[in-house]
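User: Could you walk me through this one? I'd like to start with a single residue and then turn to the ligand.

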Amino acid sequence: MSQHELPQSPRLRPWRDFLRLQTFLRPYAWRMTAMIALSLAGSLLGLAMPYLSKYLVDGALLHRDVHALWIASVLMFAATLVGIVLTYVSGRGYVRMSSEMLFDMRVEVYQHLHQLSPRFYARARLGDLVSRLNGDVAEIQRISADTFLSTLSNVAFLIGSLIMMIWLSWKLFIVGMVLIPVTVWLYRFYQVRITRLTAELRQRSADMGTLFVETLMGIRLLNCFNASEYELDRFRQRNDAFVKTVLRFQNTSLLGRTTPSLLLTGATIAVFFYGGEQIILGRMSIGTLVAFMAYHARLLSPVQNLLGLSTALSSARVSLGRILDLLDTAIEVTDPAQPVRLPAIRSGVDFRDVTLIHDGRKVLEDVSFHIPAGRFTVLVGASGAGKSSVADLAIRLLDPDQGAILIEGIDVRRVALAELRRKVVLIEQTPHLLHASLTANICYGRSDASAAEVERAARAAGLGDLLDRLPDRLETIAGERGLTLSAGERQRVALARAFLADPEILILDEPSAALDEDREHDLIASLREQFFGKTILAITHRAVLAAAADHVLRIEQGRLIGTGVAA
Ligand SMILES: Nc1ncnc2c1ncn2[C@@H]1O[C@H](COP(=O)(O)OP(=O)(O)O)[C@@H](O)[C@H]1O
Ligand SMILES: [Mg+2]
């Protein structure tokens, strides 16, 4: 697996990877300790109950002592009440804390996703990422919210019960415990299978999510090519696979729960038999057997809980693996530790011996050129020549494999990313529009802009006619991914974004691809006006735009083949 990609199939993480949750736990250490202490106190109170029943039988009933009966009853009630209150308080506090913690985790994953490179997104499946960010984090939240404390109190209760049972009668204890190793073995047996099925289930569900996302994002393609039946077939196949896995999972986890508890019931009967015999022979008090049976009967529920816990833990382990795989995907473009400030742009941008490799292929090879400051430069070349890659490198969506990009002689890798991307703005070939108002789209990332500034930028970008037609003007919602706007209008929204951002260097990737010749002249005029004296690099294959430039760069198959002044 390359460290810049997600592994193809889900992999199970070693249990010690749960320790990595401690970075998220640390801020809550104190609250956590308090919750644990409260919850343990609650379980200890629960342990007192069976012993009080021994006192009730031997001390009160057999001695016909009403006073002792009162004491035993009041103590039992008090112990139960306080125990319940403690469990409630600790449970509530814990759930709140765990949601806060999981929120932190989601923020971390989300932030990490923001920083991954175009190489990662070229491979990653959107539906899969969404299911990790949403589903898997929620799964860990769900499990940690209702299992951690209950596990702890179950373990405490179990250990306490065992001690009390040995103390009451070690012989009875041995009789009650002979079947336990078999139970534990059975439980391990099923646990391994359940873990595997959980991972498979998660993958199947992500497969379906991916299918939905892909199909719905390409709904126009689906309709243009009559592909509804085809997509439904694909969906049916994936759904069948999903349902089959669900059934296998259900069956296995049911068996995993029922068989061990059958064995435990057998153990209870053995205790009854042996204990009864001891009482008949006069070797044990009735109260002791009653208390012992109470402890033994109460073993079942913590053991069952722990069995259920193992399923939950396996599921959490799978989700954790999927989240850690994301967090472990290396960030290629990182902020410098000691950033250098960019001076005013006087000389321009230099690509120096730049080589960029995608999948072992040199997309750009030893490319060197100069983009002069304050001029309108055009980069031309056939489709696939590496033009958009030049733009990606200039704003550090990617870093070159060899060579460097320099602004005013400073390697862009030494400049803070935020500063670089404030001073150099890229308008992409197919700009992304949010499902939000035009205003929100234009001042994306710059919420401080005033309404007048937004309007001015929109008009400068040639959106004036459109705005005058729209009843809600700038408050009109652009559809999801801008479907209600034409390609040319989308380009102009992106241009308005750039005007508002007012960078030192503007890069436009095929800005006129969706425009007719007249509009293209308008575009050139407004670029020259709005960015007068600034540095512009336009990527294009259109003659009109190329002819308007002060300076032309030509690349072919990843190599620079010419520079010059436009004809
Ligand atoms: N993320 C990526 N992973 C793999 N190959 C890529 C990636 N991005 C671009 N390429 C490849 O690099 C080459 C140049 O792409 P690009 O710079 O977009 O060309 P242009 O903009 O000139 O059409 C193309 O062959 C393209 O397939
Ligand atoms: Mg391109």
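Analyst: Thr355 is a good place to begin in this predicted model: leaving aside residues up to four places away in sequence, Thr355 touches Lys362, Leu364, Glu365, Asp366, Pro400, Asp401 and Gln402.

User: Which strand does Thr355 lie in?

Analyst: Thr355 lies in strand S1, which spans residues 348–358.

User: And is Thr355 buried or exposed?

Analyst: Thr355 counts as buried, because its relative accessibility is 1% and the cut-off for buried is under 20%.

User: OK, switching to ligand 1. Which residues come nearest?

Analyst: The shell around ligand 1 has 15 residues, and of these Arg361, Gly384, Lys387, Ser388 and Ser389 come nearest.

User: What polar contacts go to the ligand's oxygen atoms?

Analyst: An N or O atom in the side chain of Ser389 is 2.6 Å from an oxygen atom of ligand 1, and a side-chain N or O atom of Ser388 lies 2.7 Å from an oxygen atom of the ligand. With Ala385 the backbone is involved, as one of its N or O atoms there lies 3.2 Å from a ligand oxygen atom.

User: How much of ligand 1 does the protein cover?

Analyst: On its own, ligand 1 has 570 Å² of accessible area, of which the protein covers 70%. Helix H4 (118–123), strand S2 (361–372) and helix H11 (387–394) are the elements that give two or more residues to the shell.

User: What about residue classes in that shell?

Analyst: The shell is made up of 5 nonpolar, 6 polar and 4 charged residues.

User: Where does ligand 1 lie with respect to the domains?

Analyst: Ligand 1 lies between domain 1 (15–327) and domain 2 (348–564), because both of them give residues to its shell.

Terms used: Residues are numbered from 1 along each chain as its sequence is written. Chains are lettered from A and ligands numbered from 1 in the order in which they are written. This is a predicted model: local features need pLDDT of at least 70, side-chain atom pairs count only at pLDDT 80 or more; totals for chains, interfaces and linings use all residues. Side-chain values use heavy atoms; hydrogens and water are left out. A residue is near a molecule or strand if one of its heavy atoms lies within 4 Å of it. A polar contact is a pair of N or O atoms within 3.5 Å; within protein, one must be able to donate a hydrogen and the other to accept it, and residues adjacent in sequence count only if both atoms are side-chain atoms. Accessible areas come from the Shrake-Rupley method with a 1.4 Å probe; for residues, only the protein chains shown count as cover. Helices (H or I, at least four residues) and strands (E, at least two) are DSSP runs, numbered from the N terminus. Ala, Val, Leu, Ile, Met, Phe, Trp, Tyr, Cys and Pro count as nonpolar, Asp, Glu, Lys and Arg as charged, and the others, Gly among them, as polar. Domain bounds come from an automatic or database domain assignment. Buried means under 20% relative accessible area, exposed over 50%, partly exposed in between (1.4 Å probe, protein chains only). Contact means heavy atoms within 4.5 Å.
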